[in-house]
Structures are given as structure tokens and as C-alpha cells.
Amino acid sequence: IILDGKTYSFPVTEGTEHEKAIDIAKLRDQSGYVTLDSGYKNTGATKSAITFLDGEEGILRYRGYPIEQLAEKSSFLEVAYLLIYGALPTQSELDNFSHHITMHSLVHEDMRKIFDGFPSSTHPMAILSSLVCALTGFYPKSIDPVQSKEEIDLNIYRLMAKISTIAAWTYKNQMGHPLNYPRNDLDYCSNFLYMMFSFPTEQYKVNPVVARALNKLLILHADHEQNCSTSTVRLVGSSNASLYGSVSAGINALWGPLHGGANQEVIEMLESIQRDGGDTQKFVDKAKDKNDPFRLMGFGHRVYKNFDPRAKIIKVTADEVLKELGVNDPLLTIAQELEQAALTDPYFVERKLYPNVDFYSGIIYKALGIPTQMFTVLFAMGRLPGWIAQWKEMRENKEPIGRPRQIYTGATERDYVEI
Ligand code: MLT
């Protein structure tokens with residue numbers, strides 16, 4: 001068979017037309033003529049100018065700016081602007097962006113009726129994705145396939161603003177506590193912490209170290225090129241689905257334990273080590289067991305062959321937060337002992353099994369008193385500007401509707417036999 005001027009040998013000489021077709025499909029795969037991209041998962045399937053990631057070198061840049069500089073110097077809203085609009089904002093652009101987000105932080109009172117229907121046992125991610133999608137009902141123009149730049153911007157401000165109010169509601173629902181209205185005199189992170197932790201009988205005082213740590217965590221999670229949730233947002237959006245509908249789908253993708261749930265698994269692992277008596281060396285040794293290795297959660301990363309640059313930054317933040325809050329939690333002692341083993345034991349160092357971003361983020365959230373089921377909600381808040389940027393880029397590039405390629409591997413044609 002000749003494909004693109006190259007000759008390939010044809011392995012099937014016998015068989016039905018259908019079987020030959022399958023073999024040709026396989027051959028096309030091997031020849032690289034068409035690459036099987038199973039389930040639209042291959043990062044190469046998307047052209048994007050938003051985030052650069054080099055897993056070999058441990059490099060992560062948003063719009064060309066190294067993550068280290070952004071995490072150190074900028075605010076989450078500045079990074080959100082950078083991701084969504086492609087350039088760092090001037091002071092007046094940032095003020096304007098922040099002003100719009102602050103002004104849209106209230107959620108329509110009728111959304112409370114939907115929210116009130118959720119039992120307190122509902123996973124916060126279910127409420128978050130449902131209410132984000134429900135925004136389409138309150139802003140029906142958001143479902144128009146053709147919208148002006150102003151209309152799109154308005155939906156972006158609304159979503160950026162309301163996600164933190166809704167996220168705080170999901171926590172209050174779990175706790176059975178009254179809701180707090182947003183406070184427009186506070187910055188984005190402080191307002192969120194206030195809505196989460198303030199109680200009518202005890203006003204929460206925002207600790208600046210904690211607010212700074214949250215700012216950093218949100219920046220570090222703001223985008224990570226193509227992955228399960230981001231591809232979902234692009235794929236859903238490619239059908240001209242609304243921003244709210246597309247992001248709601250992304251929230252559901254992130255919810256899965258293999259994606260956003262990883263830091264929850266870290267805390268659950270620490271709890272199981274604690275239940276076992278808290279001997280970390282025992283689990284370090286078990287992790288090295290060739291026959292039946294114990295899986296240390298939060299170590300190593302699928303993409304980063306070196307160190308996850310986000311983890312380096314977040315480790316310092318975790319140390320700062322633990323020191324500031326003076327928390328005396330045996331779980332955090334276990335985490336610190338495991339981290340020490342991973343950073344010094346040649347077995348882990350040689351295999352590059354460093355603690356990753358999920359290891360440290362779970363520890364910070366735990367120290368802040370955020371329940372484990374809320375960890376993924378915090379991830380979604382951080383990832384929102386990335387999802388918006390990816391959705392917007394996909395629309396601006398006028399990308400065609402997504403249609404993952406399939407290679408059929410099922411039965412050939414069969415005659416129906418009556419039973
Ligand atoms: C992320 O930040 O999205 C995660 O590390 C998952 C990934 O990129 O595959």
C-alpha cells in the first residue's frame with residue numbers, strides 16, 4: 001500500500017473486506033500516517049499558545065512567563081488576566097478586571113432555591129458543577145453561539161466572581177452552616193476565606209500568610225496545558241456549548257480521583273499510615289518492596305520526569321503555613337517524615353519519586369482546616385482561568401467541532417438471528 005508516497009507492505013492477503021479495512025487502519029497507525037489518539041488524550045492533538053510545559057526539564061510557563069516568577073510576584077487575578085487575554089495587564093486593566101469580578105460576586109438569590117435542594121451529604125463538586133451549569137438559566141444570552149466580545153467578557157467576569165461564592169456555599173452546605181455573602185472590600189483570596197470560615201458568632205480574621213498561600217496555590221493550579229479536564233472543556237465548547245456548560249463539564253472531569261482527587265488520596269494515605277501506628281519508615285520500606293510495593297500517593301508525576309516545578313514552590317509555602325499556624329497535627333508530622341525520606345533516600349532520589357504538587361497542596365489545605373472533599377473544589381477555582389482561556393482560544397481559532405478518531409475493533413458484520 002502506498003501512503004503519502006511511501007510504500008508499506010500489506011499484511012493481509014486473505015479475509016473479508018472488513019478485516020482488511022481494520023488491518024489498513026492498523027497499518028496507517030504504524031506508518032504514522034494517522035496516529036491513534038485514543039480518547040482525544042494525546043496532548044499533540046491540540047495547538048495552543050497558552051501554557052508551555054516541558055516534563056523532561058521541569059519547566060512550566062504561562063504565556064511565556066515562568067511559573068516561579070508568577071507565583072512569587074503576581075496575584076491570582078493578574079495571572080487569570082494573563083491566561084485569558086494573553087498579556088500581563090497594565091495597572092488600569094487589572095483594576096478594571098478586578099472591579100468587574102468584585103461587582104459580580106453575588107449569586108442570584110433564586111440560585112439558593114436550587115442549592116437548598118442538595119442534601120448536606122452531596123459531594124461539593126456535584127453542587128459546584130450543577131450550579132455553574134445553572135448559571136445559563138440566569139444569563140440565557142450565554143448560550144448564544146455568536147456573542148460579542150463584551151458579552152463574552154461579561155460571562156468571564158461572572159464566572160470568575162461567582163465560582164468562589166458557590167465554592168464557599170458547598171462547604172457551608174456540608175457543615176450545615178449559614179451562608180456568608182461576599183465582601184467587596186476584600187481581595188479575591190481573602191473574600192473566599194471569609195466566606196468559607198466566617199460564622200455569625202465568630203468573625204473570621206483573614207491571616208495574610210494564609211491568604212498569600214491560597215493566592216500561590218490558585219496560581220500554581222491555574223493551567224496545565226492539555227489534560228483530562230482541559231480537553232473536556234475544549235471538546236464540549238467545540239460544539240458551541242456555552243462557557244458555563246463547558247466549564248461545568250470540566251469540573252466533572254476534574255472531580256475524578258485520577259485527576260483532581262489526587263491530593264485527597266494523599267491525606268487518606270496519611271490517615272491510613274496513622275491508623276497503622278504512624279511508623280513512616282515501615283511504609284517507606286514497603287514502598288520499595290519489589291513483590292508487593294505500597295503506593296505512596298503524591299510522589300512522582302506522569303508528565304514530569306524531573307521535579308514538578310509547582311511542587312518546589314508549594315513546599316516552601318507549606319513550610320510557611322505550618323510554621324505560621326503552629327499546627328500540631330500528627331498527620332502533618334507523618335507527611336514531613338515521608339517527605340524527608342523521599343528527598344534523601346537514594347531509592348526515591350534515583351527514581352525521581354519526589355513529592356508532587358498534590359502532596360503539598362493537601363497538607364496546606366489540611367492545615368487550614370479545609371475538609372478533604374473540598375480539595376478538588378479549590379483545584380477547580382484555581383484551574384478556572386485556564387479553562388476559560390482554553391475555551392476562548394478554541395473559539396477564537398474557530399476550531400471545528402471535536403470528533404475523537406475511532407478505530408473500530410468490534411465484531412464484523414453479523415446476521416440477526418431470532419431467538
Ligand atoms: C494538572 O495540573 O492538571 C495535573 O497535574 C494533571 C495533568 O496535567 O495531567
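This is a dialogue about reading helices, their contacts and two loop residues in a predicted model.

Trainee: Where should I start with H8, and how many of its residues are buried?

Mentor: Start with the neighbour count, because a residue is called buried if 20 or more other C-beta atoms lie within 10 Å of its own. In H8, ten of the ten residues are buried, so the helix is largely enclosed by the rest of the structure. Among them are Tyr-188, Asn-191, Phe-192, Met-195 and Phe-197.

Trainee: What covers the buried residues of H8?

Mentor: The cover includes H3, H4, H7 and H9. We can take H7 and H9 in turn.

Trainee: At what angle do the axes of H7 and H8 cross?

Mentor: Helix H7 spans residues 149-175, and its axis comes within 9 Å of that of H8, with a crossing of roughly 25°. Angles under 35 degrees count as roughly parallel, and H7 is therefore roughly parallel to H8. The crossing is right-handed.

Trainee: Which residues make the contact of H7 with H8?

Mentor: From H7 come Ser-164, Thr-165, Ala-168 and Tyr-171, and from H8 come Tyr-188, Asn-191, Phe-192, Met-195 and Met-196. By class, the contact of H7 with H8 has six nonpolar residues, three polar and no charged.

Trainee: How do H8 and H9 cross?

Mentor: Their axes come within 9 Å and cross at roughly 110°. The range from 65 to 115 degrees counts as roughly perpendicular, so H8 and H9 are roughly perpendicular to each other. H8 passes H9 in a right-handed crossing. On the H8 side, Cys-189, Ser-190 and Leu-193 take part, and they meet Val-210, Ala-211, Leu-214 and Asn-215 in H9. This contact has five nonpolar residues, two polar and no charged.

Trainee: What span does H9 reach, and what span is expected?

Mentor: A helix can be checked by comparing its end-to-end reach with the rise expected per residue. H9 has 13 residues, numbered 208-220, and reaches 18 Å from its first C-alpha to its last, close to the 18 Å expected at 1.5 Å a residue.

Trainee: Which residues of H9 are buried, and what do they pack against?

Mentor: The buried ones include Val-210, Ala-213, Leu-214, Asn-215 and Lys-216. The buried residues of H9 pack against H2 (67-73), H3 (76-85), H8 (188-197), H14 (309-325), H17 (357-367) and H18 (375-396).

Trainee: H3 appears in both lists of neighbours. How does H3 cross H4?

Mentor: H4 covers residues 91-103, and the axes of H3 and H4 come within 10 Å and cross at roughly 105°. That makes H3 roughly perpendicular to H4. Leu-77, Glu-78 and Tyr-81 of H3 meet Glu-93, Leu-94, Phe-97, Ser-98 and Ile-101 of H4. The residues of this contact divide into five nonpolar, one polar and two charged.

Trainee: Turning to the loops, what is the phi of Arg-63, and where is this residue placed?

Mentor: Phi is a backbone angle, and its sign is the thing to read here. For Arg-63 phi is near 50°, a positive value in a residue other than glycine. Arg-63 sits in the loop between strand S4 (59-62) and strand S5 (65-66). Arg-63 counts as partly exposed because it has 19 C-beta neighbours inside 10 Å.

Trainee: What is the phi of Lys-352?

Mentor: Its phi is near 55°, again positive in a residue other than glycine. Lys-352 lies in the loop between H16 (346-350) and H17. With 15 C-beta neighbours inside 10 Å, Lys-352 counts as partly exposed.

Technical notes: Residues are numbered from 1 along each chain as its sequence is written. This is a predicted model: local features need pLDDT of at least 70, side-chain atom pairs count only at pLDDT 80 or more; totals for chains, interfaces and linings use all residues. Helices (H or I, at least four residues) and strands (E, at least two) are DSSP runs, numbered from the N terminus. The expected span of a helix is 1.5 Å times one less than its number of residues. A residue is buried if 20 or more other C-beta atoms lie within 10 Å of its own, exposed if 12 or fewer, and partly exposed in between; C-beta atoms are placed from the backbone. Two residues are in contact if their C-beta atoms, placed from the backbone, lie within 7 Å. Axes are lines fitted to C-alpha atoms, for helices over the stretch in contact, and angles run from 0 to 180 degrees between N-to-C directions. Angles under 35 degrees count as roughly parallel, over 145 as roughly antiparallel, 65 to 115 as roughly perpendicular and the rest as oblique. A crossing is left-handed if the near helix is turned anticlockwise from the far one by less than a right angle, and right-handed if clockwise. Ala, Val, Leu, Ile, Met, Phe, Trp, Tyr, Cys and Pro count as nonpolar, Asp, Glu, Lys and Arg as charged, and the others, Gly among them, as polar.
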